[in-house]
Amino acid sequence: HGEFNQKIDYVFKVVLIGDSAVGKSQLLARFSRNEFSLDSKATVGVEFQTRTLNIDHKTIKAQIWDTAGQERYRAVTSAYYRGAVGAMIVYDMTKRQSFDHVVRWLEELRGHADKNIVVMLIGNKSDLSTLRAVPIEDAKEFAQGEDLFFMETSALESTNVETAFLTVLTEIYRIIS
Ligand code: GDP
Ligand code: MG
């Protein structure tokens with residue numbers, strides 16, 4: 001299809017981090033292949049998925065990295081962060097603990113990544129709004145205080161997934177161009 005023969009102007013590495021089971025792999029499946037699975041196995045093997053898209057008439061290859069079940073605190077290696085120009089810190093809006101752990105992920109990210117990295121906080125599973133455990137105001141306030149982009153998404157319903165990735169990629173492009 002369209003990606004064939006296309007000249008790539010930029011490759012942007014973006015890393016997904018956050019607790020296990022928050023939906024990182026499904027967000028990636030939705031963005032890269034428009035797929036979703038309710039019984040996703042703990043991520044195996046694949047290090048990253050790519051999607052080629054156009055921003056401002058430039059061809060950008062987004063290379064999105066997914067943790068391979070290394071979500072335990074400090075288990076993600078520095079190689080994972082190396083060269084990353086964007087990061088999505090994902091929590092599950094029905095699991096308070098996954099939001100409380102965002103500070104740790106941010107700390108770890110800031111310890112490993114370039115200081116100009118574009119970071120977005122993602123509250124995933126917005127389709128389960130009746131089970132909400134993290135008020136949107138708490139997340140917004142935290143994101144504002146830490147200078148992060150913020151969005152609630154649903155990988156299941158495909159809500160805001162495209163917008164979230166495009167916001168990060170466009171901001172990266174804006175910074176480097
Ligand atoms: P990861 O460990 O962070 O990679 O999480 P997964 O992507 O494997 O997702 C963990 C579980 O949450 C799986 O059962 C997914 O189907 C489910 N899940 C992921 N995203 C959503 C979502 O947006 N809504 C709902 N309801 N479930 C989701
Ligand atoms: Mg996973």
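Right after helix H1 comes Asn 34, a residue with a positive phi, near 50°. That's a handy doorway into this structure, which is a predicted model. Let's start with that helix and work outwards.

**Helix H1 and the ligand**

H1 covers residues 24–33. It is mostly covered, with seven of its ten residues buried. The buried ones are Lys 24, Ser 25, Gln 26, Leu 27, Leu 28, Arg 30 and Phe 31. A bit of helix background: an α-helix has 3.6 residues a turn, so residues three or four places apart point the same way.

Which element gives the largest share of the shell around ligand 1? Helix H1 does, with three residues. In total, 19 residues sit around ligand 1, and those that come nearest are Gly 23, Lys 24, Ser 25, Gln 26 and Leu 156. Sorted by class, that shell holds nine polar, six nonpolar and four charged residues.

**The whole chain**

Stepping back, the protein chain has six helices and six strands. Reading from the N terminus, they come in the order β-α-β-β-α-β-α-α-β-α-β-α. The C-alpha trace spans about 45 × 35 × 30 Å along its principal axes. How does the chain's radius of gyration fit a compact globule? For 177 residues, such a globule would have a value near 16 Å, and the protein chain has 15 Å, so the two agree.

Contacts reach far along the sequence, too. Of those between residues at least 6 apart, 73% join residues at least 24 apart. Buried residues make up 39% of the chain's 177 residues.

How sure is the predictor? The chain's pLDDT averages 92, and 92% of the residues score at least 70. The model's ipTM is 0.99 and its pTM is 0.94.

**Inside the core**

The largest nonpolar core has 46 residues, and Val 14, Ala 87 and Ile 89 have the most contacts inside it. Helix H6 (residues 161–176) supplies the largest share of this core, six residues.

What does Val 14 touch, once residues up to four places away in sequence are set aside? The list is Ala 62, Ile 64, Trp 65, Ala 84, Gly 86, Ala 87, Met 88 and Val 168. Ala 87 turns up here as a contact of Val 14, as well as being among the residues with the most contacts inside the core.

Ile 89, another of those well-connected core residues, is also a contact of Leu 106. Leu 106 sits in helix H4 and, leaving aside its neighbours within four places in sequence, is in contact with Glu 146 too. Is Leu 106 buried or partly exposed? It has 18 C-beta neighbours inside 10 Å, so it counts as partly exposed. Gln 49 is 57 residues away from Leu 106 in sequence and 23 Å away in space, C-alpha to C-alpha.

**Loops and the outside**

Now for some loop residues. Asp 56 lies in the loop between strand E2 (48–55) and strand E3 (58–65). Asn 160 is in the loop between strand E6 (149–153) and H6. Like Asn 34, each has a positive phi, as the table shows.

| Residue | Phi |
|---|---|
| Asn 34 | near 50° |
| Asp 56 | near 55° |
| Asn 160 | about 65° |

How well covered are they? Asp 56 is exposed, because just 10 other C-beta atoms lie within 10 Å. Asn 160 has 19 C-beta neighbours inside 10 Å, so it counts as partly exposed.

Asn 116 belongs to another loop, the one between helix H4 (102–112) and strand E5 (118–124). Is it buried or exposed? With 9 other C-beta atoms within 10 Å, Asn 116 is exposed. Its C-alpha is 17 Å from that of Ala 62, which is 54 residues away along the chain.

**Back to H1's neighbourhood**

Helix H6 also holds Glu 162, which counts as partly exposed because it has 14 C-beta neighbours inside 10 Å. Glu 162 and Ser 32 are 130 residues apart along the chain, but their C-alpha atoms are separated by 9.6 Å. Ser 32 falls within the 24–33 stretch of H1, which brings us round to the helix where we began.

Conventions: Residues are numbered from 1 along each chain as its sequence is written. Chains are lettered from A and ligands numbered from 1 in the order in which they are written. This is a predicted model: local features need pLDDT of at least 70, side-chain atom pairs count only at pLDDT 80 or more; totals for chains, interfaces and linings use all residues. A residue is near a molecule or strand if its C-beta atom, placed from the backbone, lies within 6 Å of it. Helices (H or I, at least four residues) and strands (E, at least two) are DSSP runs, numbered from the N terminus. Ala, Val, Leu, Ile, Met, Phe, Trp, Tyr, Cys and Pro count as nonpolar, Asp, Glu, Lys and Arg as charged, and the others, Gly among them, as polar. pLDDT is the predictor's confidence in each residue, from 0 to 100. A nonpolar core is a set of buried Ala, Val, Leu, Ile, Met, Phe, Trp, Tyr and Cys residues joined through C-beta atoms within 7 Å. A residue is buried if 20 or more other C-beta atoms lie within 10 Å of its own, exposed if 12 or fewer, and partly exposed in between; C-beta atoms are placed from the backbone. Two residues are in contact if their C-beta atoms, placed from the backbone, lie within 7 Å. The radius of gyration is taken over C-alpha atoms; the globule rule is 2.2 Å times the number of residues to the power 0.38.
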